[in-house]
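Colleague: Please put the model on screen. Then let's take it by questions.

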Amino acid sequence: QVRVDQPLDEGGDDTAPTPTELFVASLALCVAFHAGRFLDRHGIDRTGLSVHVTWGMAEGRPARVGQIAVTVTPPHAMPSDRLPAFLAVARGCTVHHSLVQPPAVNISLSA
């Protein structure tokens, strides 16, 4: 189970993330996971690694996320010559690919 809620001003109790917040968080978590695997494969200490995400809603309808910015701070031990490969791996996460090349989505009712 994953708990979700809405802010007070939208009729919720504000006790859990919104589905949209989880959507954005899934991108940041996927980037962090891939970055961590890169570091592990190359024997680089993760100390200092962080992933920060900001986002905003698009103007108008339909309601949707309009922009997402993910900033990855490499760990202190990251050699500068590995930064391009590190960034490529972070950009190669499945959620990022799914946003760049969106899947077909079908929402239907069951009987």
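Colleague: Which elements each supply at least two residues of the lining of the second largest pocket?
Modeller: A pocket is an open set of points on a 1 Å grid over the protein atoms alone, where a 1.4 Å probe fits, with protein on both sides within 12 Å along at least five of seven lines; lining residues have an atom within 4 Å of a point. Elements are DSSP runs numbered from the N terminus: helices are H or I with at least four residues, strands E with at least two. Q6, P7, E10, T18, P19, T20, W55 and M57 form the lining here. The elements asked for are helix 1 and strand 1 (50-57).

Colleague: What pLDDT do side-chain atom pairs need to count?
Modeller: Residues are numbered from 1 along each chain as its sequence is written, and side-chain values use heavy atoms, leaving out hydrogens and water. The model is predicted: totals for chains, interfaces and linings use all residues, local features need pLDDT of at least 70, and side-chain atom pairs need pLDDT 80 or more.

Colleague: What is the volume of the largest pocket?
Modeller: Volume is the space filled by probe spheres set on the points, with grid points joined across faces, edges and corners. The second largest pocket comes to about 170 Å³. The largest has about 190 Å³.

Colleague: Which element gives the most to the lining of the largest pocket?
Modeller: Helix 1, strand 2 (65-73), helix 2 (83-91) and helix 3 (94-100) each supply at least two residues. The lining includes L27, V31, I68, V70, R91 and H96. With five residues, the top contributor is strand 2.

Colleague: Which element gives the most to the largest nonpolar core?
Modeller: A nonpolar core is a set of buried Ala, Val, Leu, Ile, Met, Phe, Trp, Tyr and Cys residues joined through side-chain atoms within 4.5 Å. The largest has six: A35, F38, L39, I44, M78 and F86. Three of them come from helix 1.

Colleague: Which residues does A35 contact, leaving aside neighbours within four places in sequence?
Modeller: Contact means heavy atoms within 4.5 Å. A35 belongs to the largest nonpolar core. Its partners are L49 and F86.

Colleague: Why does H34 count as buried or exposed?
Modeller: H34 lies in helix 1. Not counting residues up to four places away, H34 touches V89, G92, C93 and T94. Buried means under 20% relative accessible area, exposed over 50%, and partly exposed in between, with a 1.4 Å probe and protein chains only. H34 has 16% relative accessibility, so H34 counts as buried.
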